Amino acid sequence: METVARKLASELLRIGAVLLRPNAPFTWASGWHSPIYCDNRRILSDPQLRSKVASWLSEDARKLYPEAEVAAGVATGAIAHGVLAADRLGKPFVYVRPKPKDHGTGSQIEGVLPEGAKVVVIEDLISTGMSSLAAVKALREAGAEVCGMVAIFTYEFETAMKQFEDADVKLHTLSNYSALIEEASEEGFIKDSDKEMLKQWRLNPGEWGNN
């Protein structure tokens, strides 16, 4: 039986939301060399996949965090996905900026967030986890109770998983790097000889490609 993780990985490859270039790596803003580039905004341009992802996010949020009263998206990538999921959940929606505005009210959280509200966070991509957990921190400082997070995709970095554990944040993702590599291999997006190289990148992304 094909899992959601594999189904979504296949769809991300199909629409070009994920690009794999083991022999011509991308350079991230952090300076890391990477054989993968993931842009989940492309999901929004595919009506059928957009609807599927919104349904998967909302179904998992409802199942895992039934006590959640508000859905919160992490700006900017998860705002649209969060709105779509919140609509299916029938819940209020807010979004969290990377930092407070330097004008107007100076808000970091946009929308109406009642004091003590139980929140499920919607995220599009988990890499190092820093921006996602910064949003959790802002919600907690605003008086919210964060039930957990549902994200579309994770690179499965060990450092990110440890940070979520240390911050006491439950994380569930629809798909992941391992499922993507298997799907990419089966569908011919990468050579079998590239699989081990791609797996090694995930284990030590900061040093990969520097030799």
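How do the residues lining the largest pocket divide into nonpolar, polar and charged, and what are the counts? Keep in mind as we go that this is a predicted model. The lining splits into 16 nonpolar, 9 polar and 5 charged residues. The pocket itself holds about 630 Å³ of space, and of the 30 residues that line it, Arg41, Asp124, Leu125, Ser127 and Ser131 are the closest to its centre.

Where do those lining residues come from? Three elements each give at least two of them: strand 4 (36-38), strand 8 (118-126) and helix 4 (130-141). Helix 4 makes the largest contribution, with 5 residues.

From strand 8 we can step into the sheet. Here 6 strands form an open sheet, ordered 7-6-5-8-9-10, and the pairing is mixed. Strand 7 (109-110) and strand 10 (171-176) sit at the edges with a single partner strand each, so one side of each has no neighbour in the sheet. At the strand 10 end, strand 9 (residues 145-154) pairs with strand 10 in the parallel sense, over 5 bridges. If you want a spot to look at there, take phenylalanine 153, whose bridge partner in strand 10 is serine 175.

Now back to helix 4, which we met at the pocket. This helix lies across strand 5 (70-74), strand 6 (93-96), strand 7, strand 8 and strand 9, and it runs at about 165° to strand 8.

Next, have a look at the loops, starting with the one between strand 6 and strand 7, where you'll find glutamine 108. A polar atom of the glutamine 108 side chain lies 3.4 Å from the backbone oxygen of proline 98. Leaving aside residues up to four places away in sequence, glutamine 108 touches Tyr95, Val96, Arg97, Pro98, Lys99, Pro100 and Ala138. One of those, Ala138, falls within helix 4 (130-141).

Two other loops have backbone geometry to check. Threonine 76 is in the loop between strand 5 and helix 3 (79-89), and the peptide bond leading into threonine 76 from alanine 75 is cis, with omega near -5°. Further along, the loop between strand 9 and helix 5 (158-166) holds glutamate 156. Glutamate 156 is not a glycine, yet its phi is positive, at about 65°.

Notes: Residues are numbered from 1 along each chain as its sequence is written. This is a predicted model: local features need pLDDT of at least 70, side-chain atom pairs count only at pLDDT 80 or more; totals for chains, interfaces and linings use all residues. Side-chain values use heavy atoms; hydrogens and water are left out. On a 1 Å grid over the protein atoms alone, a cavity is a set of points where a 1.4 Å probe fits but cannot get out, and a pocket is an open set with protein on both sides within 12 Å along at least five of seven lines; lining residues have an atom within 4 Å of a point. Grid points are joined across faces, edges and corners, and a volume is the space filled by probe spheres set on the points. Helices (H or I, at least four residues) and strands (E, at least two) are DSSP runs, numbered from the N terminus. Ala, Val, Leu, Ile, Met, Phe, Trp, Tyr, Cys and Pro count as nonpolar, Asp, Glu, Lys and Arg as charged, and the others, Gly among them, as polar. Two strands pair if DSSP finds at least two bridges between them. Contact means heavy atoms within 4.5 Å. Axes are lines fitted to C-alpha atoms, for helices over the stretch in contact, and angles run from 0 to 180 degrees between N-to-C directions. A polar contact is a pair of N or O atoms within 3.5 Å; within protein, one must be able to donate a hydrogen and the other to accept it, and residues adjacent in sequence count only if both atoms are side-chain atoms.
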